[in-house]
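User: Hey, can you walk me through this one? I'm new to reading structures, so plain words please.
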Amino acid sequence: MKQIKVKLSKNQIQKIMLSGMGFVVLVYVYFSFFLGPLNNSRDTMLGQITELQDKVTNSKSELTKTAKLEKQAETATNRFAALKALSPEGAPIAWFPPRMKAFFANQQIDKATARLENSSAYKETDLANWMRYSWVIELPQADFASLGTAIAALENAEPLLSITRISVKALPDDPQFQQITMVASTAMVKR
Amino acid sequence: MALHLNLLHEEIFEQRQRQRDPLKIGMMVLGGLGALMLLYYLWNAYKVLEIRSRLSQAEHDWSKVEPKVTSAHKRSAELNGIISTTKVLDGMIDGRFFWAPFLEKLSRCVALNAQLTSIDGTVLDDGKISIVIEGLAAGREPRAAAEELRQLLLEQLGQSYQEVKVEFKALEDLDTIVKIGGANQAMARFGINATFTTQVSKPSPTPGPRMKVRG
């Protein structure tokens, strides 16, 4: 086999080394300052595109879900509006006692009074916008049959009212009539 | 054989040396490589520009949809709130104890020879209803009349409510004599405690029948 020997002078070796260094610098500058940032920006943009496309796709299903929910919640919405309408504007102490007085007067029970015992917020998070009011309703004179009818009507007319305590005492002077004290709690919208 | 003399060998040698200059060759290689790299960079830059236009299109699409999605989110949260609030309120409404039917049942239990002087009813925290009834009973056997009232009450309440307990708290004869239907009759004072619930307590689940597996 024939071996080719290339003899390089010192000057030539220096030039080769200089060219090598130039090559290294070129590659470093190219990847660090040109191609690297370009690729980074491309990757970031691709990530953003994927994210946005996912969002758009999810948004379509979200809109469909909301439309379905709107249909499903129609009954609940109407019912909620009806329950909310049971609490008129203004402080409950301003309108609830007159309402009770008028109600019992319509039931032939006069001199009904209602006073606020206490009020508190509900613990349930779903009822954050509602308050519980406890009322003492006093009927100084009523016969038992009228009382039963009136309470039945009250329980039907006021779905958010719940009688928690009732006390019926016969009047000593007139045993035909009774004196009634009720404690009723109501749920009312916070105003 | 003819003798061949190269009189320009030094010039030729120098020319060859110039042509083989490593720096020159290196610069040419670097130039070529640089050109290739530039082409590759330009190709990538073109692709990035294309991606940027896709991104701006996606951003445009999202900006069109975003307000709708935000309002849908809000509406959805609002509707869910309404549904859960209505559910809780309905639970409260359904869980109420209705006093009117109870008073009706009570009125059916009171015979002509008995009189109720006081009724105290309370809905307890555990959902039980506690009733304290006080009254007077008259008859040849006034205690029996009171017992009849207790048993009737137990029967009547048992038809509609669960876990009904009706017990005497007090029962004592009185010295007072009362005239009912022209006849003098003895009297007794009674106190009755009644407790009941409106809902049946849930029984523990019973295991289903064992299935035989035939091999």
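**Where the chains meet**

Analyst: Sure, let's start with a contact between two helices. Phe144(A), Gly148(A), Ile151(A), Ala152(A) and Glu155(A) of H4(A) meet Trp99(B), Ala100(B), Leu103(B), Glu104(B) and Ser107(B) of H3(B). Two residues are in contact if their C-beta atoms, placed from the backbone, lie within 7 Å. The H labels are helices (H or I runs in DSSP, at least four residues) and S labels are strands (E runs, at least two), numbered from the N terminus.

User: What kinds of residues make up the contact of H4(A) with H3(B)?

Analyst: They divide into six nonpolar, two polar and two charged. Here Ala, Val, Leu, Ile, Met, Phe, Trp, Tyr, Cys and Pro count as nonpolar, Asp, Glu, Lys and Arg as charged, and the others, Gly among them, as polar.

User: Is this a predicted model, and how do the labels work?

Analyst: This is a predicted model, where local features need pLDDT of at least 70, side-chain atom pairs count only at pLDDT 80 or more, and totals for chains, interfaces and linings use all residues. Residues are numbered from 1 along each chain as its sequence is written, while chains are lettered from A and ligands numbered from 1 in the order in which they are written.

User: Back to those helices. At what angle do H4(A) and H3(B) pack?

Analyst: About 155°, with the axes of H4(A) and H3(B) 8 Å apart. Axes are lines fitted to C-alpha atoms, for helices over the stretch in contact, and angles run from 0 to 180 degrees between N-to-C directions. That makes H4(A) roughly antiparallel to H3(B). The cut-offs are under 35 degrees for roughly parallel, over 145 for roughly antiparallel, 65 to 115 for roughly perpendicular, and oblique for the rest.

User: Left-handed or right-handed, that crossing of H4(A) and H3(B)?

Analyst: H4(A) passes H3(B) in a left-handed crossing. A crossing is left-handed if the near helix is turned anticlockwise from the far one by less than a right angle, and right-handed if clockwise.

User: How about H1(A) and H2(B), at what angle do they cross?

Analyst: Helix H1 of chain A (residues 10-72) and helix H2 of chain B (residues 22-94) cross at roughly 15°, and their axes come within 6 Å. H1(A) and H2(B) are therefore roughly parallel to each other. Their crossing is left-handed. The contact of H1(A) with H2(B) has 32 nonpolar, 12 polar and 12 charged residues.

User: And how many residues of chain A are in contact with chain B overall?

Analyst: 55 residues of chain A touch 51 residues of chain B. H1(A) gives the largest share of chain A's side, 29 residues. By class, that side of chain A has 30 nonpolar, 13 polar and 12 charged residues.

User: Switching topic: what's in each chain?

Analyst: Chain A has four helices and four strands, in the order α-α-α-β-β-α-β-β. Chain B also comes to four helices and four strands. The radius of gyration of chain B is 52 Å, well over the 17 Å that the globule rule gives for 215 residues, so chain B is more spread out than a compact globule. That radius is taken over C-alpha atoms, and the globule rule is 2.2 Å times the number of residues to the power 0.38.

User: And chain A, what radius of gyration does that one have?

Analyst: Chain A has 42 Å, where a compact globule of 191 residues would be near 16 Å. Along its principal axes, the C-alpha trace of chain A spans about 145 × 35 × 35 Å.

User: What share of each chain is buried?

Analyst: In chain A, buried residues make up 18% of the 191 residues. In chain B, 17% of the 215 residues count as buried. A residue is buried if 20 or more other C-beta atoms lie within 10 Å of its own, exposed if 12 or fewer, and partly exposed in between, with C-beta atoms placed from the backbone.

User: Which helix does H4(B) cross within chain B?

Analyst: Helix H3 of chain B (residues 99-109) crosses helix H4 of chain B (residues 142-160) at roughly 145°, with axes within 9 Å. The crossing of H3(B) and H4(B) is right-handed.

User: Any odd backbone angles?

Analyst: Most residues other than glycine have a negative phi. Lys111(A) has a positive phi, near 60°. Lys111(A) sits in the loop between helix H3 (92-106) and strand S1 (113-121) of chain A, and is exposed, with 12 other C-beta atoms within 10 Å.
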